[in-house]
Amino acid sequence: MDLRGVSVFLCLLFFFHSSFQQSPPKKKSVKKGSVNAAVIKELQKQIDDLVQEVLLLKEQQALQTVCLKGIKIHGKCFLADTQTKSFHAASEDCISKGGTLSTPMTSDENVQLYDYVRKSIGLDEHIWLGINDMATEGQWLDQTGTYVRYSNWETKVIQKPEGNRSQNCAILSATSNGKWFDENCRAEKPSICEFNIV
């Protein structure tokens with residue numbers, strides 16, 4: 001059902017519902033009153049269901065817009081933000097858009113995210129990842145508070161993450177073929193928001 005049709009239907013239901021409430025009181029038997037209450041209750045349920053359906057349609061439309069502007073990888077849409085921000089500002093920005101900072105869950109997803117970074121942000125850029133070890137040093141958690149199961153830390157050139165208390169946030173490096181590094185959360189980096197497709 002398209003948005004215009006849903007809107008018209010909601011208006012009709014609201015009008016019908018309002019007319020029940022605004023009609024002058026009549027002498028009714030107990031049976032008729034209970035029937036009207038049941039009808040009103042059913043109409044209210046239908047209105048609530050339609051409101052939920054409209055909200056779901058709006059969410060799906062927003063996700064389709066994100067996917068058209070960004071890229072779809074393994075049931076998620078990713079959208080680049082070239083504006084540099086601190087980890088916390090980038091994270092809050094993604095949350096305000098209905099997503100989270102990107103967090104690769106597999107090697108394949110990491111490679112595709114790395115390719116997207118190079119194409120959308122630049123060959124020499126680093127982006128914030130949605131993981132940090134702020135709560136406990138060395139225990140990297142995603143933004144839901146779950147321990148990170150997949151990682152791609154740079155370990156050949158320099159042992160990363162170093163465990164330095166001033167570097168509690170993670171970045172994906174386009175210059176290091178998608179390897180991860182720990183970084184000071186106050187540094188200014190671009191980011192990529194991820195959105196789960198419903």
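The legends below describe close-up views of a predicted model.

**View 1. The largest nonpolar core of the predicted model is drawn from helices and strands alike.** This core has 32 residues, and among its members W128, L172 and I192 touch the most others. At least two residues each come from helices α3 (87-96) and α4 (107-120), and the same holds for the strands β2 (76-85), β4 (126-132), β6 (169-173), β7 (179-183) and β8 (189-196).

**View 2. L113 is a buried residue of helix α4.** Its relative accessibility is 1%, and L113 therefore counts as buried, the limit being under 20%. Leaving aside neighbours within four places in sequence, L113 is in contact with I73, F78, S102, P104, I127, L129, L172 and I192. One of these contacts, I73, is 40 residues away along the chain, yet the C-alpha atoms of L113 and I73 are separated by 8.0 Å.

**View 3. E109, also placed in helix α4, has a side chain that makes a polar contact with the side chain of K76.** The distance given for this contact between E109 and K76 is 3.0 Å. With a relative accessibility of 4%, E109 counts as buried. When residues up to four places away in sequence are not counted, E109 touches I73, H74, K76, F78, T103 and P104. I73, F78 and P104 appear in the list for E109 and also in the list for L113.

**View 4. A left-handed disulfide links C94 and C193.** The structure holds two disulfides, and in this one the sulfur atoms of C94 and C193 are 2.0 Å apart, with -85° about the S-S bond. Because C94 lies in helix α3 and C193 in strand β8, the pair ties together parts that are 99 residues apart in sequence. Both C94 and C193 are buried.

**View 5. A right-handed disulfide is formed by C169 and C185.** The sulfur atoms of C169 and C185 are 1.9 Å apart, and the torsion about their S-S bond is about 100°, so the disulfide is right-handed. This pair links distant parts of the chain, with C169 in strand β6 and C185 in the loop between β7 and β8, 16 residues apart. Both C169 and C185 are buried.

**View 6. Aromatic rings meet edge-to-face in the pair of F87 and W128 and in the pair of Y150 and W180.** The count of aromatic pairs comes to four. The ring centres of F87 and W128 are 5.7 Å apart and the planes stand at 80°, so this pair is edge-to-face. As F87 lies in helix α3 and W128 in strand β4, the pair ties together parts that are 41 residues apart in sequence, and both F87 and W128 are buried. Y150 and W180 form another edge-to-face pair, with 5.7 Å from centre to centre and 85° between the planes. Y150 is in the loop between β5 (141-142) and β6, whereas W180 is in strand β7, 30 residues apart. The relative accessible area of Y150 is 16%, and Y150 is buried; W180, at 0% relative accessibility, counts as buried. W140, Y150, W153 and W180 form one aromatic cluster.

**View 7. N177 is an exposed residue in the loop between β6 and β7.** Its relative accessible area is 56%, and N177 is therefore exposed. The phi of N177 is near 55°, a positive value in a residue other than glycine. Most residues other than glycine have a negative phi.

Notes:
Residues are numbered from 1 along each chain as its sequence is written. This is a predicted model: local features need pLDDT of at least 70, side-chain atom pairs count only at pLDDT 80 or more; totals for chains, interfaces and linings use all residues. Side-chain values use heavy atoms; hydrogens and water are left out. A nonpolar core is a set of buried Ala, Val, Leu, Ile, Met, Phe, Trp, Tyr and Cys residues joined through side-chain atoms within 4.5 Å. Buried means under 20% relative accessible area, exposed over 50%, partly exposed in between (1.4 Å probe, protein chains only). Helices (H or I, at least four residues) and strands (E, at least two) are DSSP runs, numbered from the N terminus. A polar contact is a pair of N or O atoms within 3.5 Å; within protein, one must be able to donate a hydrogen and the other to accept it, and residues adjacent in sequence count only if both atoms are side-chain atoms. Contact means heavy atoms within 4.5 Å. A disulfide is a pair of cysteine sulfur atoms within 2.5 Å. Rings of Phe, Tyr and Trp (its six-membered ring) pair if their centres lie within 6.5 Å; planes under 30 degrees apart count as stacked, over 60 as edge-to-face and the rest as tilted.
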